[in-house]
Structures are given as structure tokens and as C-alpha cells.
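Trainee: I should be grateful for a close look at one part of this model. Could you please take me through that part and its surroundings step by step?

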Amino acid sequence: MRFDILTIFPGFFDSPLRESLLGKALAAGHLDVRVVDLRGFTDDRHRTTDDRPYGGGEGMVMKPGPLFRAIEALRAEPPPPRVVLFTPRGRLLDQPLVEEMARWERIVLVCGRYEGVDERVHRHAADLEVSVGDYVLAGGETAALAVVEAVSRLLPGVLGCAASARRDSFSDGLLEYPQYTRPADFRGWRVPEVLLSGDHERIRRWRRECALRLTLERRPDLLAKADLDAADRAFLRR
Ligand code: ADE
């Protein structure tokens, strides 16, 4: 799997791509991430990537020229990529979309900045517009990192334990159950007795019910799409 991140702030990605899970996955060759400086596709002495908006108004708009040239150059390299443009008006990123992206061989992530990107880039250069939430970031760089990290952890070999990718929040459409580690008594707050019981069936059921209760309380919207069996439904009716 390959990502090309198109940005005017290539340095933004230096340490995230070195550290932690992502850094290890890159070093091990499980994925390939290339950061592409948009300024390399400008055509003036000042390497300008933005300009004033037609019709007036605050702020600057990213020019179509450098973005089109960069995206066309990236599209010309095999394998053919999907081009994702980050914008608050895009499709909301969720685990099903992350899972879909993990099946794509190559993704170009286009990081917009300032007040926006020329509309012709949205319409004629991008394949998909993606938002990482209903709030406004200063640019797409943080969104790109979120996508790279969420997709990478689904790739073969990236997580130490593939089961943890399957078990965690959202993979079955529910929020994750609570986790505890030692000590069994921390400042008087005890680990639930069932987790010390060694009874795997009781533990499995307890965890499932915690996940169902948490999801019902905090994200009831997720229940409609969750993967529930008859016992789950009976529990929710109680
Ligand atoms: N750029 C600015 N805000 C954004 C958001 N919420 N998602 C994706 N890109 C953005």
C-alpha cells in the first residue's frame, strides 16, 4: 500500500512518520508513504500556491495550477491512485471508509490549506472528498495523518496482533469494552471480579454487555448499523 501526501508543509510529517506504530510499519516495509511538496509544482519565482478569491472576501484560495500539475504527475506513476481531497464538506471518515481505503493499492492525499481550494480541484482533480469530523482544521495535514494511521493499522503485518484490530471500537460497530491491567486494586478501585474469574465465557459475555451498554449510552446512532445477535438484542431490551 502506498500513500502520496501532497502538502505545502512537508516537514509536518517528519516525526509522525518516524515514531510509533507508523514508523515501525514504514521501516518494516509494510507500507510506503511519500511526502510531496506542492511548491515543486509552482511556476513562479516566489513558488506561489495561493491567491485572492474572485468576488472578494477574506483569506486566500489555493491555486488550481500547482495542484493540477502535481496530481497529474502523481496519476502518471503506476499503480493508478485514488485521489482524496480533504475538506470539511467531504464524506465523513468512519471505520467502514477506512476499511475500504485499506483495500486500495495507492492513495494520493491532497492537503488543502487556508480558506479553501479552487473549486475546479474539487470537481475535476479529486476522486473523493473526505472530512475527518464536523469541525474546521487549519488544513488537511492532520486529516491526512489520521487516514494514514487508521488505514495502516489494518494492513497485514502492521499490528502485532491482528485480533486487536478486529476487536476494537467500531470494527463490529460498537464502542470497545473497558480494559484493566495490574494492579487488581488501584487506590481502592478494584478490577471487576469477573475478569479475575478465569471463566472465559462469563468474561466474553461481560465484555459484550459493557460494549452494548456504552454504545447505547454514548453512541446510540451506532446501534442501528451494529452487528447484533439475539442475545445482544435481549440485553438491550432489558
Ligand atoms: N480541512 C479543514 N477541516 C477539515 C476537516 N474537518 N476534515 C478534513 N479536512 C479539513
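Where does Asp134 lie?

Mentor: Please keep in mind that this is a predicted model. Asp134 lies in the loop between strand E7 and helix H5. Strand E7 spans residues 128-131 and helix H5 spans residues 141-152, and Val132 has its place in the loop between them.

The two residues are set in unlike surroundings. Asp134 has 7 C-beta neighbours inside 10 Å and therefore counts as exposed, since the cut-off for exposed is 12 or fewer. Val132 has 20 such neighbours inside 10 Å, so Val132 counts as buried; the cut-off for buried is 20 or more. Leaving aside neighbours within four places in sequence, Val132 is in contact with Leu93, Ala143 and Ala146.

The record adds to this picture. In an unreviewed entry, UniProt annotates a "binding site" that covers Gly112, Val132, Gly133, Asp134, Tyr135, Val136 and Leu137. In the model, 13 residues surround the ligand, and Val132 is among the closest, together with Phe86, Ser131, Leu137 and Ala143. By class, this shell has 7 nonpolar and 6 polar residues, and no charged ones. The element that gives the most to the shell is strand E5, residues 82-92, with 3 residues.

Let us now follow the chain from the loop into helix H5. This helix has 12 residues and reaches 16 Å from its first C-alpha to its last, which is close to the 16 Å expected at 1.5 Å a residue. Its buried residues are Glu141, Ala143, Ala144, Val147, Val148, Val151 and Ser152. Because they cover an arc of only 160 degrees around the axis, they are on the same side of H5. Among the elements that cover these buried residues are strand E1 (2-7), helix H1 (20-27), strand E2 (32-37), strand E5, helix H3 (95-101) and strand E6 (106-110). Strand E5 thus appears twice in this account: as a cover for the buried residues of H5 and as a contributor to the shell around the ligand. Ala143 also links two parts of the account, being one of the buried residues of H5 and one of the closest residues to the ligand.

For comparison, consider another aspartate, Asp221, which is found in helix H8, residues 220-223. With 8 C-beta neighbours inside 10 Å, Asp221 counts as exposed. Asp221 and Asp50 are 171 residues apart in sequence and 40 Å apart in space, C-alpha to C-alpha.

Technical notes:
Residues numbered from 1 in each chain as written. Predicted model: local features only at pLDDT ≥ 70, side-chain atom pairs only at ≥ 80, totals over all residues. UniProt positions renumbered as here; feature names shortened; annotations may be inferred. Helix = DSSP H or I, 4+ residues; strand = E, 2+ residues; numbered from the N terminus. Contact = placed C-beta atoms within 7 Å. Near = placed C-beta within 6 Å. Nonpolar A, V, L, I, M, F, W, Y, C, P; charged D, E, K, R; others polar. Expected span 1.5 Å × (residues − 1). Arc of directions from axis to C-beta.
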